[in-house]
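Student: I would like to learn how to read a model like this one, feature by feature. Could we go through it slowly together?

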Amino acid sequence: MSSATVRVRPSQAYRRRNVGVSSDIPLHLYGLRRRTINLATLACGLFTLFTLVPIWWIFVSSTKTATNVNATFGFWFAHPFVLWSNLKEVVSNREDGSYLQWLGNTAIYAAIGGVGATVLSAMAGYGFARFNFRGKNILFIAVMIALLIPIVAFAVPLYLVYAKVHLDSTMPAIFIPFMISPVSVYLMRVYAGGSVPRELIDAARVDGAGEARIFVRIAVPLMVPALATVFMLNVVSSWNNFFLPFIVNNSPKLYTLTQGLQVWFWHTNIAGTAENFTAITVAASMISITPLLLMFIVLQRYWRGGLLLGGLTG
Amino acid sequence: MSAGAGPNEVTVHPLCVGAKVTQVSVSEAQDHKVEPPPSVAAAEAARRRQLAFQRRRDRRGLLFVLPFFVIFLMFLVVPLAYSVYTSFFTTRMIGGTVFSGFSNYTQALSDGAFWTGMGRTFLFAAIQVPVMVVIATFFATIFDMGVARFGGAFRAVFFLPFAVPGVVATAMWGSMLQTRVGVFVRIFLDLGLPDPNFFGPGHLLGVIVVIAIWEWTGFTIILLYTALKSVPRDVVESAIVDGAAFSRIVTRIKLPIIRPAIVLVVIINVIGALQLFTEPYLLSPMAPNVSSNYTPTVYMYNEAFSAYAYDFAAAIAVVLAFIIIIISAAFLLSQRRKGALV
């Protein structure tokens, strides 16, 4: 009887025996020639160039005057270095609503959307993984089908429903849809299934803990890597989303950054106003990508992209 | 779709739970004397009580999934249902809204403008997705096996575009490629070459492909890279011992093992590609070739918000969603039959 008390999950036992994965195998064992290594490095270098070219261009251009953006060589700095006045111009421009307001809106939407999606999917994933309630399979199949439903299918109808209940062009109308993330539910179910031992839950129940307490005190701490990944993923997708806010919101006061930038970018293409808008649109675009880049750097060690594919390593 | 039960999960039979509770208490009080075995009838009654208790407890699981499904129902299912509902009606200036059966659908399905855009979007997906997945698989393999120098730094750089909104990515590429003044165009002109006309009818789709590849390759690399990292070490080691060449290890061992990941990546990207909207829409002022029906989503948007034909737009959305779901489900099933576990 006692031999059955402690059950080690096969994955754990496996990992204990074979510490490390195939990635740890030293390269020389593959018997590659030096030339292959050089070619691979060269390929990486070329793709780096491709990746960095637009980012370099936007950085360089944000330091130029509006005329110089198109009149001077795009990949190098030109004489009046006006980065600071461009940034000031972005922050103070109020012609189409305030950039700072859009930045604040986007931060609110992304934070609420990210936290909401994480909480909802963590609860749902845990519920799916550790309880056998009636209708569970049907509900989970609904989540999986929702994975395949394109956002275009419900964006316009969502707007129409919002209009019916007078919710269009309000903040909740923009951030609540961000909280629905079927892929996060799926990921949380897989992760909770692999990382929250039933024995632990049962032991806590015997000790008299309620289900909510067990979830908060036992399950959530064990799911931290998945929580961090899901949070990052949803913050990024909310922050970068354009289509949904674009459809359901037409109040400039509630614009997301992407909505505001779209309007400014279109202005740059209208003869006459182009001159003024080119530089500040460029600078505004640069500001808009900075918070996410910072978040990546800060949260990098928590990022587990492989979780998305159901793997527990990574 | 049974992947919900994780591969490493040991399923505990419901009947074992009762036994385990006893075990816990026994192990907690090890110095106590072991009790004599209870009678069979008592054990049976205890088991039944345990089962009833378990069922009541399992019902509480519903409370955990409920919050998600409330929002899911209100903000996804209701609009979808409303979309299908609306698509069966037609609103006219005179006469108001009348039930019109499948007329919006027959109109959409026989609409040349819809199919032109659909064809273009298929072409886009057929180029963008394979090219990007091949590039991403190539780099993910290189990073995984440590072939390139400075792999970690390259990986971080490749991931950067994921932080850039599609709107900004399109604005950057659009500005760099725009006719006459874009930096790439000026390089052509300075070399005495003609303006390549990147937004011309022949190149525009290619430009959008490049933008999409720029946006999504890094993210795809990370997904595939982490999948590759979970390939067990001993499998590859024994292949090396057996004298397998590098290329064979990649094509015969590693990539087949991560096949489910590749399938999922392809599906995610196909779903995204067929909804193409942001890039062409944003480029439209500088690229007159972006027609009002350039992609089905652009068409739907214009029908809804320029022509105010919401019912027809809803029908387009439903048709497009159907096409996307059927394609991705068919792909999923075909891969499943081939043995990929999704």
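Student: What span should the 14 residues of helix α9 (residues 182-195) of chain A have, and how far apart are its end C-alpha atoms?

Tutor: Keep in mind throughout that this is a predicted model. A helix can be checked by its rise: at 1.5 Å a residue, the 14 residues of helix α9 of chain A should span 20 Å, and because the end C-alpha atoms are 20 Å apart, the two values agree. The helix is also mostly covered, since 13 of its 14 residues are buried. Within its residue range sits M188(A), which touches S121(A), A122(A), A124(A), G125(A), Y126(A), A226(A) and V230(A), leaving aside residues up to four places away in sequence.

Student: Which residues touch the most other members of the largest nonpolar core?

Tutor: That core has 179 residues, and the ones touching the most other members are Y126(A), V156(A), M188(A), L224(B), I316(B) and A317(B). Helix α9 (residues 204-229) of chain B gives the most to this core, with 16 residues.

Student: Is helix α7 (residues 166-177) of chain B enclosed or open, and what is its span?

Tutor: The same kind of check works here: the 12 residues of α7(B), at 1.5 Å a residue, should span 16 Å, and the end C-alpha atoms are 16 Å apart, which agrees. As for its surroundings, 12 of the 12 residues are buried, so α7(B) is largely enclosed by the rest of the structure. Among these buried residues are W173(B), M172(B) and M176(B), and also G166(B) and G174(B).

Student: How many residues does each chain bring to the contact between them?

Tutor: Chain B brings 101 residues and chain A brings 105 residues. On the side of chain B, the largest share comes from helix α3 (residues 61-86), with 17 residues. Sorted by class, that side of chain B has 73 nonpolar, 17 polar and 11 charged residues.

Student: What sign of phi should I expect, and which residues here are worth a look?

Tutor: Most residues other than glycine have a negative phi. H166(A), which is not a glycine, has a positive phi of about 55 degrees, and it lies in the loop between α7 (152-164) and α8 (171-175) of chain A. Phi of N197(B), likewise a residue other than glycine, is positive and near 50 degrees, and N197(B) is placed in the loop between α8 (183-190) and α9 of chain B.

Student: Why does H166(A) count as exposed, and N197(B) as partly exposed?

Tutor: The idea is to count neighbours: 12 or fewer other C-beta atoms within 10 Å make a residue exposed, and 20 or more make it buried. H166(A) has 9 C-beta neighbours inside 10 Å, so it counts as exposed, whereas N197(B) has 15 other C-beta atoms within 10 Å and is therefore partly exposed. R233(B), in helix α10 (residues 233-241) of chain B, also counts as partly exposed because it has 15 such neighbours inside 10 Å.

Student: Where are the domains of chain B, and what distance separates their centres?

Tutor: The domain assignment gives domain 1 (13-59) and domain 2 (104-337), and their centres, taken over C-alpha atoms, are separated by 55 Å. For another distance in chain B, the C-alpha atoms of R233(B) and I323(B), 90 residues apart along the chain, are separated by 41 Å.

Student: Where in chain A does pLDDT stay under 50?

Tutor: Chain A averages a pLDDT of 83, and 84% of its residues score at least 70. However, pLDDT stays under 50 over residues 1-19 and also over residues 309-314. The model has 13 contacts beyond four places in sequence for residues 1-19, and 24 such contacts for residues 309-314.

Conventions. Residues numbered from 1 in each chain as written. Chains lettered and ligands numbered in written order. Predicted model: local features only at pLDDT ≥ 70, side-chain atom pairs only at ≥ 80, totals over all residues. pLDDT = per-residue confidence, 0-100. Contact = placed C-beta atoms within 7 Å. Helix = DSSP H or I, 4+ residues; strand = E, 2+ residues; numbered from the N terminus. Nonpolar A, V, L, I, M, F, W, Y, C, P; charged D, E, K, R; others polar. Domains from an automatic or database assignment. Core = buried A, V, L, I, M, F, W, Y, C linked by C-beta atoms within 7 Å. Expected span 1.5 Å × (residues − 1).
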